[in-house]
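Work through the exercises below with the model open. Try each task before reading its solution.

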Amino acid sequence: MIDGCIVCTRLGYRAGKHPTQNSILKKFLINCKNSRSGGISLKDYIEERVLTIAVYIVENSATVRDAAKKFQVSKSTVHKDMVDRLQQINPSLCQDVRKVLDVNKQERHIRGGMATREKYRNLSKLSLASRRSGV
């Protein structure tokens, strides 16, 4: 039974309906496995997961946290996959992922500041609303 590769399935592509030629997925997944009928060893599963997450991070400029939430694995698993395992599987994709993760690392203090600002802005709105209602 040919269902399409696990990577394509997880990214939402139907069997035989890979993305266009210039996409990141097509560029890095040349040896797409088209059959799940024979079963998947643990090593194959890990490689598929690593490639799937890597493509997701590059295509969406996603953070480690976003990727972990999307694929329901821990942040430490995503980080280990992207830093250690991906280097062994696909060094060129690893460089692209590294660029995205470096940008995210440089921006994280700004994101944290914005989140804190929003938190206190919402708290002040709540306190004003409670004062007006007389509670």
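**Exercise 1. The fold**

How many helices and how many strands does the protein have?

Solution. The model is predicted. Start with the element count: there are 6 helices and 0 strands. Next, read along the sequence. The pattern is α-α-α-α-α-α. Then turn to burial. The protein has 135 residues, and 29% of them count as buried. Now take the contacts with a separation of 6 or more. Residues 24 or more positions apart account for 62% of these. Finish with the surface. About 9,200 Å² is exposed, and carbon and sulfur atoms supply 52% of that area.

**Exercise 2. The aromatic pair**

Find the aromatic pairing in the model and classify its geometry.

Solution. Count first: the protein has 1 aromatic pair, by the rule of ring centres within 6.5 Å. Two quantities are needed. A pair of aromatic rings is described by the distance of the centres and the angle of the planes.

- Distance: the ring centres of tyrosine 56 and phenylalanine 71 lie 5.3 Å apart.
- Angle: the planes of tyrosine 56 and phenylalanine 71 stand at 85 degrees.
- Class: planes over 60 degrees apart count as edge-to-face, so the pair of tyrosine 56 and phenylalanine 71 is edge-to-face.

Now place the partners. Tyrosine 56 sits in helix H3, residues 42–60. Phenylalanine 71 sits in helix H4. The two are 15 residues apart, and the pair links distant parts of the chain.

Are tyrosine 56 and phenylalanine 71 buried or exposed? The cut-off for buried is under 20% relative accessible area. Tyrosine 56 has 16%, so tyrosine 56 is buried. Phenylalanine 71 has 10%, so phenylalanine 71 is buried too.

**Exercise 3. The largest pocket**

Describe the largest pocket by its volume, its lining and the elements that supply the lining.

Solution. Begin with volume: the largest pocket holds about 390 Å³ of space. Then list the lining. It has 13 residues, and the closest to the pocket centre are Thr63, Val64, Asn104, Lys105 and Arg108. Now assign elements. Helix H4 (64–71), helix H5 (75–89) and helix H6 (91–133) each give two or more residues. H6 gives the most, with 7 residues.

Last, sort the lining by chemistry.

| Class | Residues in the lining |
|---|---|
| Nonpolar | 2 |
| Polar | 3 |
| Charged | 8 |

**Exercise 4. Threonine 63 and arginine 111**

Which residues is threonine 63 in contact with, leaving aside its neighbours within four places in sequence?

Solution. Locate threonine 63 first: it lies in the loop between H3 and H4. Its relative accessibility is 17%, so threonine 63 counts as buried. Beyond its sequence neighbours within four places, threonine 63 is in contact with Asn104 and Arg111.

Now view the link from the other side. Arginine 111 lies in helix H6. With 35% relative accessibility, arginine 111 counts as partly exposed. Leaving aside neighbours within four places, arginine 111 is in contact with Thr63 and Asn104. Thr63 is also among the residues closest to the centre of the largest pocket, as is Asn104.

**Exercise 5. Positive phi**

What is the phi of serine 61, and what is the phi of glutamine 72?

Solution. Start from the general case. Most residues other than glycine have a negative phi, and most peptide bonds are trans. Then take each residue in turn.

- Serine 61 has a positive phi, near 50 degrees. It is in the loop between H3 and H4. Serine 61 is partly exposed, at 47% relative accessible area.
- Glutamine 72 has a positive phi, near 55 degrees. It is in the loop between H4 and H5. Glutamine 72 counts as exposed, at 73% relative accessibility.

**Exercise 6. Two positions in H6**

Leucine 93 and glutamine 95: which is buried and which is exposed?

Solution. Leucine 93 is in helix H6. Its relative accessible area is 0%, so leucine 93 is buried. Check a spatial partner: leucine 51 is 42 residues away in sequence, with 8.6 Å between the C-alpha atoms of leucine 93 and leucine 51.

Glutamine 95 is also in helix H6. Its relative accessible area is 54%, so glutamine 95 is exposed, the cut-off being over 50%. Valine 83 is 12 residues from glutamine 95 along the chain, and their C-alpha atoms are separated by 9.7 Å.

Key
Residues numbered from 1 in each chain as written. Predicted model: local features only at pLDDT ≥ 70, side-chain atom pairs only at ≥ 80, totals over all residues. Heavy atoms only, no water. 1 Å grid on protein atoms, 1.4 Å probe; cavity = no way out; pocket = protein on both sides within 12 Å on 5 of 7 lines; lining within 4 Å. Points joined across faces, edges and corners; volume = space filled by probe spheres on them. Helix = DSSP H or I, 4+ residues; strand = E, 2+ residues; numbered from the N terminus. Nonpolar A, V, L, I, M, F, W, Y, C, P; charged D, E, K, R; others polar. Phe/Tyr/Trp six-rings, centres within 6.5 Å; stacked < 30°, edge-to-face > 60°. Buried < 20%, exposed > 50% of the residue type's maximum accessible area, 1.4 Å probe, protein only. Contact = heavy atoms within 4.5 Å. Areas by Shrake-Rupley, 256 points an atom, 1.4 Å probe, with all protein chains shown as cover.
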